[in-house]
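Got your viewer open? Let's take a walk through this one together, one selection at a time.

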Amino acid sequence: GYTGPDGVGCDACRAGTFKVGNGTGACISCAMDLYSTTVAAVTPDTCLGCPAFTRSDIGSGIITNCSCIAGYTGPDGVECDACRAGTFKVGNGTGACISCAMDLYSTTVAAVTPDTCLGCPAFTRSDV
């Protein structure tokens, strides 16, 4: 859980990292889609999975680094909700799902592109 050169004071591995053994080796980052709030962690078991339908960068040190994947929405650090049919969300993050434009519809849940929005059948309409 500590790193530094021989003969000098060691520094604790920051949250989001760990170090298993003794010596001058560097702290190892938690993998993508994992996070750890533990400082000076000595095992990779401190790296916990992000909530469902979220992802995080390598070395994330707090659960709120876990943000919704495309097609899902919600606050950082909690399980995200799928965009309902008729909506989509292109990127990762806390952004809202976007409705298909007027006269377009979609039956796809958790859509990640506006290409899922299709034209309404002849002589029908849809509202936004």
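Leaving aside its neighbours within four places in sequence, which residues is Lys 89 in contact with? Before you click, keep in mind that this is a predicted model. Now select Lys 89 and show what surrounds this side chain: there's a stretch made of Cys 68, Ile 69, Ala 70, Gly 71, Tyr 72 and Thr 73, then Cys 83, then Gly 95, Ala 96 and Cys 97, and finally Ala 111 and Val 112.

**Stop 1: Lys 89**

Lys 89 sits in the loop between strand S11 (87-88) and strand S12 (98-99). Where is its salt-bridge partner? Lys 89 has no salt bridge although it is buried. The nearest side chain of opposite charge belongs to Asp 76, and that one is 8.0 Å away. A salt bridge would need the charged atoms within 4 Å. What you can find instead is the backbone oxygen of Gly 91, 3.3 Å from a polar atom of the Lys 89 side chain.

**Stop 2: Ser 36 and Thr 43**

Next, select Ser 36, in the loop between strand S5 (34-35) and strand S6 (48-49). Is Ser 36 buried or exposed? Its relative accessible area is 0%, so Ser 36 is buried. Turn on the backbone of Thr 46 too: its oxygen lies 3.2 Å from a polar atom of the Ser 36 side chain. Beyond the residues up to four places away in sequence, Ser 36 touches Ala 15, Gly 16, Cys 30, Thr 46, Cys 47, Ser 60, Gly 61 and Ile 62.

Now hop to Thr 43, which lies in the loop between S5 and S6. Thr 43 is partly exposed, at 25% relative accessible area. Want a sense of scale? Draw a line from the C-alpha of Thr 43 to the C-alpha of Ala 122: these residues are 79 apart in sequence and 61 Å apart in space.

**Stop 3: the aromatic pair**

How many aromatic pairs turn up in a search of the whole structure? Just one. Select Phe 53 and Tyr 72 to see this stacked pair, with 4.2 Å from centre to centre and 5° between the planes. Phe 53 is in the loop between S6 and strand S7 (54-55) while Tyr 72 is in strand S9 (residues 72-73), so the pair ties together parts that are 19 residues apart in sequence. Phe 53 is partly exposed, with a relative accessible area of 36%, whereas Tyr 72 counts as buried at 14%.

**Stop 4: disulfides**

Show the cysteines as sticks. How many disulfides does a search of the whole structure find? Six, and counting bonded cysteines along the chain they follow the pattern 1-2, 3-4, 5-6, 7-8, 9-10, 11-12.

Zoom in on Cys 30 and Cys 47, joined with a sulfur-to-sulfur distance of 2.0 Å. The torsion about their S-S bond is about -75°, so this disulfide is left-handed. Cys 30 is buried at 0% relative accessible area, and Cys 47 counts as buried at 12%.

Move on to Cys 50 and Cys 66, with sulfur atoms 2.1 Å apart. Here the torsion is about -65°, so this disulfide is left-handed. Cys 50 lies in the loop between S6 and S7 and Cys 66 in the loop between S7 and strand S8 (67-68), so the link ties together parts 16 residues apart in sequence.

Then select Cys 100 and Cys 117, another disulfide, S to S 2.0 Å. Both Cys 100 and Cys 117 are buried.

Which cysteine sulfur is closest to that of Cys 10? It's the one in Cys 13, at 9.7 Å, which is too far for a bond. Cys 10 is partly exposed, with a relative accessible area of 47%. Cys 120 is in no disulfide either, and its nearest cysteine sulfur, in Cys 100, is 9.1 Å away.

**Stop 5: two phi angles and a strand**

Select Asp 103, in the loop between S12 and strand S13 (104-105). Its phi is near 70°, a positive value in a residue other than glycine. Ala 110, in the loop between S13 and strand S14 (118-119), has a positive phi as well, near 65°.

Last click: Gly 119 in strand S14. Not counting residues up to four places away in sequence, Gly 119 touches Asp 103, Leu 104 and Tyr 105.

Methods:
Residues are numbered from 1 along each chain as its sequence is written. This is a predicted model: local features need pLDDT of at least 70, side-chain atom pairs count only at pLDDT 80 or more; totals for chains, interfaces and linings use all residues. Side-chain values use heavy atoms; hydrogens and water are left out. Helices (H or I, at least four residues) and strands (E, at least two) are DSSP runs, numbered from the N terminus. Buried means under 20% relative accessible area, exposed over 50%, partly exposed in between (1.4 Å probe, protein chains only). Lys and Arg count as positive and Asp and Glu as negative; His and the chain ends are not counted. A polar contact is a pair of N or O atoms within 3.5 Å; within protein, one must be able to donate a hydrogen and the other to accept it, and residues adjacent in sequence count only if both atoms are side-chain atoms. Contact means heavy atoms within 4.5 Å. Rings of Phe, Tyr and Trp (its six-membered ring) pair if their centres lie within 6.5 Å; planes under 30 degrees apart count as stacked, over 60 as edge-to-face and the rest as tilted. A disulfide is a pair of cysteine sulfur atoms within 2.5 Å.
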